[in-house]
Amino acid sequence: MDRLDNTIRPYAWGSTTAIPALLGVAPSGEPQAEMWMGAHPGAPSRTGRGTLVEVIEADPERELGADAVTKFGPRLPFLLKILAAGAPLSLQVHPDLTQAKEGYEDEERRGIPVDAGHRNYKDANHKPELICALTEFDGLCGFRAPLEAAGLLAGLGVDSLKPYVDLLHAHPEEAALREVLTAVLSADREEMARTVTEAAAACARLGGGYAPYADIAHHYPGDPGVIAAMLLNHVRLQPGEALFLGAGIPHAYLNGLGVEIMANSDNVLRCGLTPKHVDVPELLRIVRFEAADAGVLRPEASPDGEEVYETPIDEFRLSRYVLPEGGAAHDLTRATPQILLCTAGSVRAGEHELNPGQSVFVPAGGKAEVTGAGTVFRATVIV
């Protein structure tokens with residue numbers, strides 16, 4: 001197995017303290033948003049044999065296993081991250097695999113540069129993702145019931161929101177949600193900015209369930225995404241709890257530290273809370289207008305101590321082991337590639353001693369025994 005040297009991405013929304021605290025180092029004063037573990041070409045992990053991209057390209061079947069190469073191609077199909085949100089991320093959705101392929105091919109035909117600010121599809125892959133909380137973690141996930149959203153908006157006492165409240169009382173629910181999100185994102189920007197400003201002041205005054213939206217508005221004053229966010233479920237994860245974000249589900253991370261895993265893609269359609277491009281027609285084509293509970297996941301324990309976060313896709317499988325002092329060794333050898341990440345205590349993986357934030361790559365079939373007292377996350381694929 002290979003110890004990984006990983007890149008930390010300094011996105012503006014990142015916490016300045018959470019990742020340094022996990023790693024046991026002094027903060028630099030700059031935001032540290034994500035630490036990437038994997039073979040994403042934008043910031044591949046480094047090993048003693050070269051970058052993980054180079055290692056896999058040199059012998060895909062040896063590193064990934066023949067079954068994984070047959071199913072996913074000669075690449076690691078997931079990206080593992082430590083994510084530290086100090087401010088809200090953009091409100092967004094991801095396409096399904098068919099939509100991603102169609103969108104990518106269409107933009108390629110039209111000659112839109114991959115790095116263009118108005119490009120929606122950077123690749124032809126979907127981007128399901130899972131976030132598991134290491135600390136209390138706040139987020140938005142999926143649509144509230146329209147009547148619940150109507151009550152939340154009506155409670156602000158803002159006259160310019162009344163048309164949206166009325167729309168949310170219409171039937172069927174899917175059409176009501178679609179009409180309101182379309183109206184919010186298509187409204188005159190100056191008028192919407194005034195509405196958001198008035199709504200933000202009411203949220204700050206009322207507090208309680210309105211407090212998260214006051215904080216969002218503080219970071220994104222006048223942004224229509226503030227009103228769009230109030231259509232979604234607000235959820236606070238406790239450590240060890242997770243959310244799965246499938247295709248078409250609007251979501252945003254607000255605050256906290258977590259382990260995130262996703263299919264290896266950069267495809268994002270934004271709804272707001274961002275200065276970046278928002279393609280409203282394409283967004284509305286991708287969003288699933290279904291009211292549902294946020295669906296908090298808790299791991300399912302197996303007899304060998306593995307706690308698995310079950311998801312409906314194969315590009316990744318995330319689990320964890322909470323190892324007690326003096327416990328037996330666990331054999332994690334598997335016929336698929338793995339990344340093992342320590343998040344607490346001290347764990348020995350093969351010949352590598354792992355402290356919080358440290359990780360290793362285990363090639364398919366590579367011997368992987370873990371011991372120690374701490375928590376280790378295991379990322380792999382299903383073939």
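A cavity, in this tour, is a set of grid points where a 1.4 Å probe fits but cannot get out. Keep that in mind as you click around this predicted model.

**Stop one: the hollow inside.** Searching the whole structure turns up 1 cavity of 30 Å³ or more. The largest cavity has a volume of about 40 Å³. To see its walls, select Leu91, Phe143, Leu181, Ala228, Leu231, Leu232, Pro250 and Cys271, which line it. Colour them by class and you get 8 nonpolar residues, with no polar and no charged ones in the lining.

**Stop two: two cysteines.** Now pick Cys132 and Cys342. Are they buried or exposed? Cys132 is buried, with a relative accessible area of 0%, and Cys342 counts as buried too, at 0% relative accessibility. Draw a line between their sulfurs: Cys342 holds the closest cysteine sulfur to that of Cys132, yet the gap is 14 Å, so it is too far for a bond. From the other end, the nearest cysteine sulfur to Cys342 is that of Cys132, and Cys342 is in no disulfide. In fact, the structure holds 0 disulfides.

**Stop three: Arg75.** Jump to the loop between α4 (66-72) and β6 (78-85), where you'll find Arg75. Its relative accessibility is 34%, so Arg75 counts as partly exposed. Which residues does it touch, leaving aside neighbours within four places in sequence? Select Ile56, Leu64, Asn125 and Asn264: Arg75 is in contact with each of these. Before you leave, add Leu52 to the view. Leu52 and Arg75 are 23 residues apart in sequence, and their C-alpha atoms are 10.0 Å apart in space.

Key:
Residues numbered from 1 in each chain as written. Predicted model: local features only at pLDDT ≥ 70, side-chain atom pairs only at ≥ 80, totals over all residues. Heavy atoms only, no water. Helix = DSSP H or I, 4+ residues; strand = E, 2+ residues; numbered from the N terminus. Buried < 20%, exposed > 50% of the residue type's maximum accessible area, 1.4 Å probe, protein only. Contact = heavy atoms within 4.5 Å. 1 Å grid on protein atoms, 1.4 Å probe; cavity = no way out; pocket = protein on both sides within 12 Å on 5 of 7 lines; lining within 4 Å. Points joined across faces, edges and corners; volume = space filled by probe spheres on them. Nonpolar A, V, L, I, M, F, W, Y, C, P; charged D, E, K, R; others polar. Disulfide = S-S within 2.5 Å.
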